[in-house]
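Work through the exercises below with the model open beside the text, and attempt each task before reading its solution.

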Amino acid sequence: MATDISVFDLFSIGVGPSSSHTVGPMRAANRFITELIRAHQLDDVADLRVDLYGSLAATGAGHGTMSATLKGLAGWVPETIDVPASERLVQENQATGRLRLAGFAPGIEPREAAREDLVSGPEVALTEAGMVLRPLTVLGRHTNGIRFTAVDADEAVLQQRTYFSIGGGFVIEEGEEAAGGDSLTDVPHAFTSSAELLQIADDAGLSIAQIKLANETTARTEEEVTAGILHIYQVMRQCIGSSLSRIGYLPGPLKVRCRAGQWHRELLEEDPRKEPSWAIDWVNLIALAVNEENAFGGRVVTAPTNGAAGILPAVLHYAMNYLPGIRTAGRRARDRAVVDFFLAAAAVGTLYKKKASISGAEVGCQGEVGSASSMAAAGLAQVMGGTPHQVENAAEIAMEHNLGLTCDPVGGLVQIPCIERNAMAAAKAVNAARMALRGDGEHRVSLDQVIETMRQTGADMSHRYKETSEGGLAVNVVEC
C-alpha cells in the first residue's frame with residue numbers, strides 16, 4: 001500500500017521541553033490508560049508500576065519525563081493539555097502520593113475508547129519518585145523505553161505494555177512493525193527516497209510542495225490542509241509572543257538567563273524597519289525565543305522535535321520578512337508561502353523519519369537539529385522559487401554540515417547547548433537555501449547519500465553522546 005507521513009504528524013502541537021522525553025511518554029501513558037478502558041479493566045486497577053529505560057531514565061528528570069507520564073495517566077494529551085491545571089495535578093500528587101487514573105477522561109485518545117459513563121478511574125499510589133529508572137538497560141527496539149504494569153487487588157497483572165518514544169513525539173508499542181506515522185494511505189505519490197521524489201517531480205511537472213499536498217489531500221480537503229498548516233503557524237507565533245514576555249531564568253539549576261525578551265526590545269530600537277542587514281539577528285532571536293518557551297514547558301510545535309522546535313519558525317520568519325516577493329505580497333500569497341514552506345519541509349522530514357531517525361537518543365543531535373535544519377532549508381528554497389532539484393540540494397547542504405552533531409545536554413536539561421544550537425542551525429538553513437539557488441540543482445552529493453551517512457554516523461556514535469548526559473558538555477560543564 002502506498003503510504004506517507006502526514007505534515008500534521010511531523011508538525012504536531014504539544015508541550016516542552018522534549019518531544020521524545022515529554023510528549024512521547026505522555027502519549028504512551030495515555031495510550032496505556034486507553035487500553036485499560038477498552039478492556040473494561042480500569043476500575044479494577046489497584047496498583048500501577050512505571051519502568052523507564054535507557055535515555056528516558058538517564059535524562060528524564062531534566063526533560064520532565066516523569067511528570068509528563070503522570071499527566072498522561074491522568075488523561076491529558078499534548079495537543080489539548082491545560083498546562084497550568086496539569087502542573088497543579090503534579091503538585092497535588094507530590095503532596096498526597098496519589099494519582100487518579102483517567103481523571104481527565106475527555107482527553108483520552110482515541111476519544112471513542114472511553115465509556116460514556118466513565119467519570120474517572122481509581123486512585124493509585126504513584127509519584128515521580130516511585131517510578132523505576134533503568135538508565136543502563138536499553139530495550140531492543142529503541143533507547144527510549146517505557147513499560148506500564150497494572151495489577152488488581154489480588155496482584156494479578158491486568159495489563160503490561162511496553163512503548164518506545166522514537167522521536168518527534170511518535171510512539172510505537174513493542175511488537176509493532178511499523179515505524180509509526182504512516183497515517184496517509186493510498187497516496188498518489190509514494191516515495192521513500194529523494195531520488196524517487198525528484199523522479200515524481202520531473203515526470204509529473206510538480207513542485208515538492210505540490211507532491212506533498214496531493215498526498216495530504218487523500219485524508220483532508222485542500223482547504224482543510226491549508227487551514228491546519230496556518231493554525232500550526234499561528235501556534236508557532238503565539239509561542240514566540242509568550243516567550244518574549246518572560247524574564248528571569250529558565251527552570252532548573254543551571255540559571256540560564258532568559259534572553260529573547262531583552263534581545264527583542266533591543267532589536268525593535270536598532271532595526272525598526274527590518275532592514276536586510278539585520279536579518280540574521282532576527283533569525284537568532286526567533287530560534288532562541290521558541291526554545292526558551294520550550295524550556296519552560298510551554299506550548300510549542302514539534303518541528304520535527306521539541307529540541308529543534310525553533311529552527312523552522314526562525315527560517316520561516318526570514319522568508320516572510322526578507323524575501324521581496326513575499327514581504328510585500330497580499331494575505332493570500334503570504335498564506336500560500338507558509339503552506340508551501342511546511343509542505344516542502346514535511347516532504348524532506350518524511351525521508352529522515354523513514355530512512356534514518358529524528359531522535360537525539362538514537363542518532364545524536366544531528367537527528368534533531370540536523371533534520372530540522374535540512375527541512376527548513378528545503379522549505380525556504382521552495383518559497384524562494386527553487387526547482388525540485390534546488391530544494392533537494394538545499395536540504396542536502398544543510399544536513400551535510402550538521403553531520404556528527406552530538407546530543408549532550410548539560411544537566412539533562414534542554415537548554416545548553418540546545419537553545420543556541422537552534423539559532424546556529426537556522427542560520428545554516430538560510431545559507432544552504434541561498435547557496436542552492438545560486439546553482440542549477442546539479443550537485444555531487446545527494447540527499448539520500450547524506451541521510452544514509454547521518455544514519456551510519458548515529459549508529460557509530462557512542463551512547464554517551466546520545467541524550468544520556470554522560471559525555472561532552474554534560475560532563476565538562478559544572479551545573480552550578
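**Exercise 1. Into which domains is the protein divided, and how many residues of each are in contact?**

Step 1: the bounds, which come from an automatic or database domain assignment, give domain 1 as 19-173 and domain 2 as 184-218 + 220-465. The model is predicted, so that local features need pLDDT of at least 70 and side-chain atom pairs pLDDT 80 or more, while totals for chains, interfaces and linings use all residues. Residues are numbered from 1 along each chain as its sequence is written, and side-chain values use heavy atoms, without hydrogens or water.

Step 2: with contact taken as heavy atoms within 4.5 Å, 19 residues of domain 1 touch 16 residues of domain 2.

**Exercise 2. What area is buried between domain 1 and domain 2?**

Step 1: the accessible area (1.4 Å probe) lost on putting the two parts together, summed over both, is about 1,200 Å², and carbon and sulfur atoms give 55% of this area.

Step 2: Ser19, Gly62 and His63 supply 31% of the area that domain 1 buries against domain 2, more than any other three residues.

**Exercise 3. Where do the charged ends of arginine 246 and lysine 353 lie?**

Step 1: the criterion requires CZ of Arg or NZ of Lys within 6 Å of the ring centre and within 35 degrees of the ring normal.

Step 2: arginine 246 places its charged end over the ring of phenylalanine 296, 4.1 Å from the centre, whereas lysine 353 lies over the face of phenylalanine 170, at 4.3 Å from the ring centre.
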